[in-house]
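Please describe this protein chain for a newcomer. Keep to the fold, the surface and a few residues.

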Amino acid sequence: MPARKKVEPQETLEDKMDQLEQVLEQLEQENLGLEDSFSLYQKGMELVKQCNQSIDRVEKKLLTIQEEEE
């Protein structure tokens with residue numbers, strides 16, 4: 001019998017926003033090196049991209065619902 005893959009819960013938009021807030025707080029630290037800053041910046045930009053994708057999915061669902069009601 002094949003082993004089942006463990007399904008990990010998907011992060012919510014709120015989770016991603018919290019992570020983004022943590023990244024921003026870390027970036028504000030004065031003793032942060034250039035390489036660390038760049039790494040955090042990349043992580044932050046990826047989180048922004050994921051947040052935008054989540055928002056876009058919700059907007060599309062809302063538009064579909066509105067169209068169905070009309």
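The report below covers the fold, then single residues, then surface patches.

This is a predicted model, in which local features need pLDDT of at least 70, side-chain atom pairs count only at pLDDT 80 or more, and totals for chains, interfaces and linings use all residues. Residues are numbered from 1 along each chain as its sequence is written, and side-chain values use heavy atoms, without hydrogens and water.

The protein chain has two helices and zero strands. Helices (H or I, at least four residues) and strands (E, at least two) are DSSP runs, numbered from the N terminus. Of the 70 residues, 11% are buried. Buried means under 20% relative accessible area, exposed over 50%, and partly exposed in between (1.4 Å probe, protein chains only).

Three residues show these classes.

| Residue | Relative accessibility | Class |
|---|---|---|
| S54 | 10% | buried |
| M45 | 42% | partly exposed |
| E28 | 65% | exposed |

S54 lies in helix α2. S54 touches L13 and K16, leaving aside residues up to four places away in sequence; contact means heavy atoms within 4.5 Å. M45 also sits in helix α2. E28 is in the loop between α1 (13-27) and α2 (34-69).

M45 joins L24, L27, F38 and Y41 in a nonpolar surface patch of about 480 Å². Both α1 and α2 give two or more residues to this patch. The most come from α2, with three residues. Patch residues have over 30% relative accessible area and no salt bridge, and nonpolar side chains (Val, Leu, Ile, Met, Phe, Trp, Tyr) are joined within 5 Å. A salt bridge is a side-chain nitrogen of Lys or Arg within 4 Å of a carboxyl oxygen of Asp or Glu.

Key
Patch = residues over 30% accessible without salt bridge, like charges linked within 9 Å, V, L, I, M, F, W, Y side chains within 5 Å. Areas by Shrake-Rupley, 256 points an atom, 1.4 Å probe, with all protein chains shown as cover.
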